[in-house]
Amino acid sequence: MTRIVEPEAGPRSKRAAILTAAVDCFGETGFEATKWSTVAERVGIGQTALYHYFESKTHCLLTIMRVELQRSHDRFVEATKEAADPVEALRAAVRAAYDVSPQEVLQMRILQNHMDLLSGSRRSKREEDERVAARQLVQVVERDWTNLLVKGMSQGSFPLRDAQLLGAGVLGLIVSVWRWYRPSGPTPLSEVSELIEGACVRMVAS
């Protein structure tokens, strides 16, 4: 799998601050509506300084998407590694998907709103490297869920079905939340998590 080597964040690096500001802007206002200069203003640097870290607004977006996919995969692995029972592993994976900070909610909203960006190649090498790495991580995340279901089926905990199709359905249900959920809305994320966890278990184990 292609991996993007993260630049070392020295004490004077603005990379992390730029990514944080971009997540706030893209998540709240939308990628298209966000001016690249607005990100620079939030960080407190000139617009030309942005190009030291990201060659374009799209390059920054693809980086955010790749970082979020890696975070999601890492959280899945951490949440399920100690769960011997497949049903509990499924529950743990769903709970971990919703055990997130407001910043991570924005990152996931950005990711889901721009998945189509991963389907076509980019002319810029740096953008293309990020796109390819993100695309490969999508496959890793999908494989995570499929393998969890295959293990459950092999142990007799889940009925035998098409694990890849079922995994896509479960994952699709989980990530669909980020298109409409807002931390300031009337429904707490814990309630959403409980609802989706139950739905996933019924979908897989019934």
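Here is a walk through this structure, from its largest pocket to three places where its helices pack together. Keep in mind that the model is a predicted one.

Let's start with the pocket. The largest one holds about 410 Å³ of space. Its lining is made up of 23 residues, and if you want to find the centre, look for Ser72, Val141, Trp145, Leu171 and Val175, which are the closest to it. Several helices share the job of lining this pocket: α4 (57–80), α5 (86–98), α6 (102–113), α7 (125–154) and α8 (163–176) are the elements that give two or more residues each. The biggest share comes from α4, with six residues. As for the chemistry of the lining, 16 residues are nonpolar, three are polar and four are charged.

Two of those pocket helices, α7 and α8, also pack against each other. Their axes lie 8 Å apart, at an angle of about 120°. That angle makes α7 oblique to α8, and the crossing is right-handed. On the α7 side, the contact is made by Val141, Glu142, Trp145, Thr146, Leu149, Val150 and Met153. Facing them from α8 are Ala163, Gln164, Leu166, Gly167, Val170, Leu171 and Ile174. Sorted by class, this contact has ten nonpolar residues, three polar ones and one charged one. Some names should ring a bell here: Val141, Trp145 and Leu171 belong to this contact, and they were also on the list of residues closest to the pocket centre.

Now follow α8 to another partner, helix α9 (residues 189–205). The axes of α8 and α9 come within 10 Å and cross at roughly 170°, so the two helices are roughly antiparallel to each other. This crossing, too, is right-handed. From α8, the residues in touch are Leu166, Gly169, Val170, Leu173 and Ile174, while α9 brings Ile196, Ala199, Cys200, Met203 and Val204. Nine of these residues are nonpolar, one is polar and none is charged. Notice that Leu166, Val170 and Ile174 of α8 take part in the contact with α9, and in the contact with α7 as well.

Finally, what about the other end of the chain? Helix α1 (residues 15–28) packs against α6 at an angle of about 60°, with the two axes 9 Å apart. The crossing of α1 and α6 is left-handed. Here Thr20, Val23, Asp24, Phe26, Gly27 and Glu28 of α1 meet Gln103, Leu106, Gln107, Arg109 and Ile110 of α6. The mix of classes in this contact is four nonpolar, four polar and three charged residues. And α6 ties back to where we began, as one of the helices that line the largest pocket.

Methods
Residues are numbered from 1 along each chain as its sequence is written. This is a predicted model: local features need pLDDT of at least 70, side-chain atom pairs count only at pLDDT 80 or more; totals for chains, interfaces and linings use all residues. Side-chain values use heavy atoms; hydrogens and water are left out. On a 1 Å grid over the protein atoms alone, a cavity is a set of points where a 1.4 Å probe fits but cannot get out, and a pocket is an open set with protein on both sides within 12 Å along at least five of seven lines; lining residues have an atom within 4 Å of a point. Grid points are joined across faces, edges and corners, and a volume is the space filled by probe spheres set on the points. Helices (H or I, at least four residues) and strands (E, at least two) are DSSP runs, numbered from the N terminus. Ala, Val, Leu, Ile, Met, Phe, Trp, Tyr, Cys and Pro count as nonpolar, Asp, Glu, Lys and Arg as charged, and the others, Gly among them, as polar. Axes are lines fitted to C-alpha atoms, for helices over the stretch in contact, and angles run from 0 to 180 degrees between N-to-C directions. Angles under 35 degrees count as roughly parallel, over 145 as roughly antiparallel, 65 to 115 as roughly perpendicular and the rest as oblique. A crossing is left-handed if the near helix is turned anticlockwise from the far one by less than a right angle, and right-handed if clockwise. Contact means heavy atoms within 4.5 Å.
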